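Please look over the structure shown below. The report after it takes up charge pairs, then the overall fold, then some single residues.

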Amino acid sequence: LKYTYTDGFADQNGIDGRKVGSLKLKDILAENAHLDFKEQSKALHIYLDSYQGDLEQRDDITILGFQV
């Protein structure tokens with residue numbers, strides 16, 4: 001699987017005031033790469049919802065996954 005993405009997911013703030021970060025995003029993608037794309041999307045949403053708590057999204061998020 002290959003992924004391309006904007007910085008939107010990595011730049012989201014958490015309830016602790018820290019950004020998700022690109023390394024964490026890469027970790028989440030790697031941990032869920034065995035799942036189909038719909039389940040990967042769910043995993044990303046669950047992580048971000050938990051990380052942000054009640055904070056609003058501060059940037060657009062685009063993540064494209066494709067199989068070569």
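## A salt bridge in the loop

In this predicted model, Lys 19 and Asp 11 form a salt bridge, with 3.9 Å between the closest N and O atoms. The cut-off for such a pair is 4 Å, and the 3.9 Å of this pair falls within it. Side chains of opposite charge can pair when their charged atoms come close.

The two partners sit in unlike surroundings. Asp 11 has a relative accessibility of 19%, so it counts as buried, the limit being under 20%. Lys 19 reaches 43%, so it counts as partly exposed.

## Around Lys 19

Lys 19 belongs to the loop that links strand E1 (2–5) to helix H1 (22–31). Which residues does Lys 19 touch, not counting those up to four places away in sequence? They are Ala 10, Asp 11, Gln 12, Asn 13, Tyr 51 and Arg 58. Asp 11 is thus named twice: as a contact of Lys 19 and as its salt-bridge partner.

Phe 9 is 10 residues from Lys 19 in sequence. In space, 8.9 Å separates the C-alpha atoms of Phe 9 and Lys 19.

Gly 21 is in the loop between E1 and H1. Its relative accessibility is 24%, so Gly 21 counts as partly exposed. Along the chain, Gly 21 and Ala 10 are 11 residues apart. Their C-alpha atoms are separated by 4.3 Å. Ala 10 is also one of the residues that Lys 19 touches.

## A salt bridge in helix H2

The structure holds 2 salt bridges. Besides the pair of Lys 19 and Asp 11, Lys 42 pairs with Glu 39. Here the closest N and O atoms are 3.4 Å apart.

Lys 42 and Glu 39 both lie in helix H2 (residues 37–52). They are 3 residues apart, about one turn of the helix. Are these partners buried or partly exposed? Lys 42 is partly exposed, at a relative accessible area of 43%. Glu 39 is partly exposed too, at 32%.

Helix H2 also holds Ser 41. Ser 41 has a relative accessibility of 32% and counts as partly exposed. Ile 15 lies 26 residues from Ser 41 along the chain. The C-alpha atoms of Ser 41 and Ile 15 are separated by 21 Å.

## The whole chain

The protein has 2 helices and 2 strands. From the N terminus on, they run β-α-α-β. The radius of gyration is 12 Å, close to the 11 Å that the globule rule gives for 68 residues, so the protein is as compact as a globular protein of that length. Along the principal axes, its C-alpha atoms fill a box of roughly 35 × 20 × 20 Å.

How much of the protein is buried? Buried residues account for 25% of the 68 residues. The exposed area is about 4,800 Å², and carbon and sulfur atoms supply 50% of it.

Contacts reach far along the sequence. Of those between residues at least 6 apart, 73% join residues at least 24 apart.

The protein carries 8 positive and 12 negative charges. The mean positions of the two sets are 5 Å apart.

## The N-terminal end

Leu 1 is in the segment before E1. It is partly exposed, with a relative accessible area of 41%.

What does Leu 1 contact, leaving aside neighbours within four places in sequence? The partners are Ala 33, Phe 37, Gln 40, Phe 66 and Gln 67. Phe 66 is 65 residues from Leu 1 in sequence. In space, the C-alpha atoms of Leu 1 and Phe 66 are 5.7 Å apart.

## In brief

Two salt bridges are present. One joins Lys 19 to Asp 11, and the other joins Lys 42 to Glu 39. The second pair lies within helix H2, whereas Lys 19 is in the loop between E1 and H1. At the N-terminal end, Leu 1 is in contact with Phe 66 and Gln 67, among others.

How values were computed
Residues numbered from 1 in each chain as written. Predicted model: local features only at pLDDT ≥ 70, side-chain atom pairs only at ≥ 80, totals over all residues. Heavy atoms only, no water. Helix = DSSP H or I, 4+ residues; strand = E, 2+ residues; numbered from the N terminus. Rg over C-alpha atoms; globule rule 2.2 N^0.38 Å. Buried < 20%, exposed > 50% of the residue type's maximum accessible area, 1.4 Å probe, protein only. Contact = heavy atoms within 4.5 Å. Areas by Shrake-Rupley, 256 points an atom, 1.4 Å probe, with all protein chains shown as cover. Lys, Arg positive; Asp, Glu negative; His and termini not counted. Charge placed at Lys NZ, Arg CZ, Asp CG, Glu CD. Salt bridge = Lys/Arg side-chain N within 4 Å of Asp/Glu carboxyl O.
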